[in-house]
Amino acid sequence: MTESERLDATFIALADPTRRAILARLIEGEATVMELAEPFDMSQPAISKHIKMLERAGLVSRSRDAQRRPVKIEGPALKAATDWLEEYRQVWEQNYSRLDALLEDLQAAQRSTES
């Protein structure tokens, strides 16, 4: 999967509130599919589909611990999305700073013509 495809998969996975809630739960520690399904009014297969989407995006992973198959959160994919957003946040911040400076100049010019 290319970096662009992984970023697409991450944002698609994060677009769903159920998947975001699953990630929020996994921040507390790993959990089984059944444990993740508890707060939702949906079947275990439906939760499994959400987990597969998160897994495809690299946001979670599953391991095997005897009979348990715990799911845990993975940071690198989320960090890549955060880094991508941070680049744009910096650009927007610079643009807003320039707009603020322009507004101040215009207001100062208007005050000087009024006096």
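This report describes selected helices, salt bridges and surface features of the structure shown above. The model is predicted.

## Helix 4

Helix 4 covers residues 44-56, a run of 13 residues. At 1.5 Å a residue, a helix of this length should span 18 Å, and the C-alpha atoms at its two ends are indeed 18 Å apart, so expectation and model agree. The buried residues of this helix are Ile-47, Ser-48, His-50, Ile-51 and Leu-54. Viewed down the axis of helix 4, these buried residues fall within an arc of 160°, and they therefore line one face of the helix. On the other side of helix 4, Lys-49 and Arg-56 are exposed.

The buried residues of helix 4 pack against several elements: helix 1 (3-14), helix 2 (17-27), helix 3 (33-37), strand 1 (60-62) and strand 2 (71-73). After helix 4 comes Gly-58, which has a positive phi, near 80°.

One residue of helix 4 may be considered individually. His-50 is located in helix 4. Its relative accessible area is 13%, and because buried means under 20%, His-50 counts as buried. When residues up to four places away in sequence are not counted, His-50 touches Asp-16, Thr-18, Arg-19, Ile-22 and Met-42.

## Helix 2

Three of the residues touched by His-50, namely Thr-18, Arg-19 and Ile-22, reappear in the description of helix 2. In that helix, Thr-18, Arg-19, Ile-22, Leu-23 and Leu-26 are buried. Seen down the axis of helix 2, the buried residues lie within an arc of 140°, so they line one face of the helix. The face turned away from this buried side carries Pro-17 and Ile-27, which are exposed. The cover over the buried residues of helix 2 includes helix 1, helix 3, helix 4, strand 1 and strand 2.

Ala-24 also belongs to helix 2. With a relative accessibility of 41%, Ala-24 counts as partly exposed. Ala-24 and Ile-73 are separated by 49 residues in sequence, while their C-alpha atoms are 9.1 Å apart in space.

## Salt bridges

A search of the whole structure finds four salt bridges. The table presents three pairs, including the N to O distance in each case.

| Residue pair | Distance, N to O |
|---|---|
| Arg-62 and Glu-55 | 3.4 Å |
| Asp-83 and Lys-79 | 2.9 Å |
| Glu-93 and Arg-89 | 2.5 Å |

In the pair formed by Arg-62 and Glu-55, Arg-62 is partly exposed at 23% relative accessibility. Glu-55 is likewise partly exposed, with a relative accessible area of 32%.

Asp-83 and Lys-79 both lie in helix 5 (residues 75-114), where they are four residues apart, about one turn of the helix. Asp-83 is partly exposed, its relative accessible area being 36%.

Glu-93 and Arg-89 are also both found in helix 5, four residues apart, which is about one turn of the helix. Glu-93 has a relative accessible area of 47% and is partly exposed. Arg-89, at 35% relative accessibility, is partly exposed as well. Through salt bridges that share partners, Glu-86, Arg-89 and Glu-93 are joined into one network.

## A nonpolar surface patch

Which residues form a nonpolar patch on the surface? The patch is made up of Trp-84, Leu-85, Tyr-88, Val-91, Trp-92, Tyr-96, Leu-99, Leu-102 and Leu-106, and together these residues have about 920 Å² of accessible area. One of its members, Val-91, lies in helix 5. Val-91 is partly exposed, with a relative accessible area of 40%.

## The loop between the strands

Asp-65 is situated in the loop between strand 1 and strand 2. This residue counts as partly exposed, at 42% relative accessibility. Asp-65 and Asp-105 are 40 residues apart in sequence, and the distance between their C-alpha atoms is 65 Å.

Notes:
Residues are numbered from 1 along each chain as its sequence is written. This is a predicted model: local features need pLDDT of at least 70, side-chain atom pairs count only at pLDDT 80 or more; totals for chains, interfaces and linings use all residues. Side-chain values use heavy atoms; hydrogens and water are left out. The expected span of a helix is 1.5 Å times one less than its number of residues. Buried means under 20% relative accessible area, exposed over 50%, partly exposed in between (1.4 Å probe, protein chains only). The arc is that of the directions from the helix axis to the C-beta atoms. Contact means heavy atoms within 4.5 Å. A salt bridge is a side-chain nitrogen of Lys or Arg within 4 Å of a carboxyl oxygen of Asp or Glu. Patches are made of residues with over 30% relative accessible area and no salt bridge: like charges are joined within 9 Å, nonpolar side chains (Val, Leu, Ile, Met, Phe, Trp, Tyr) within 5 Å. Accessible areas come from the Shrake-Rupley method with a 1.4 Å probe; for residues, only the protein chains shown count as cover.
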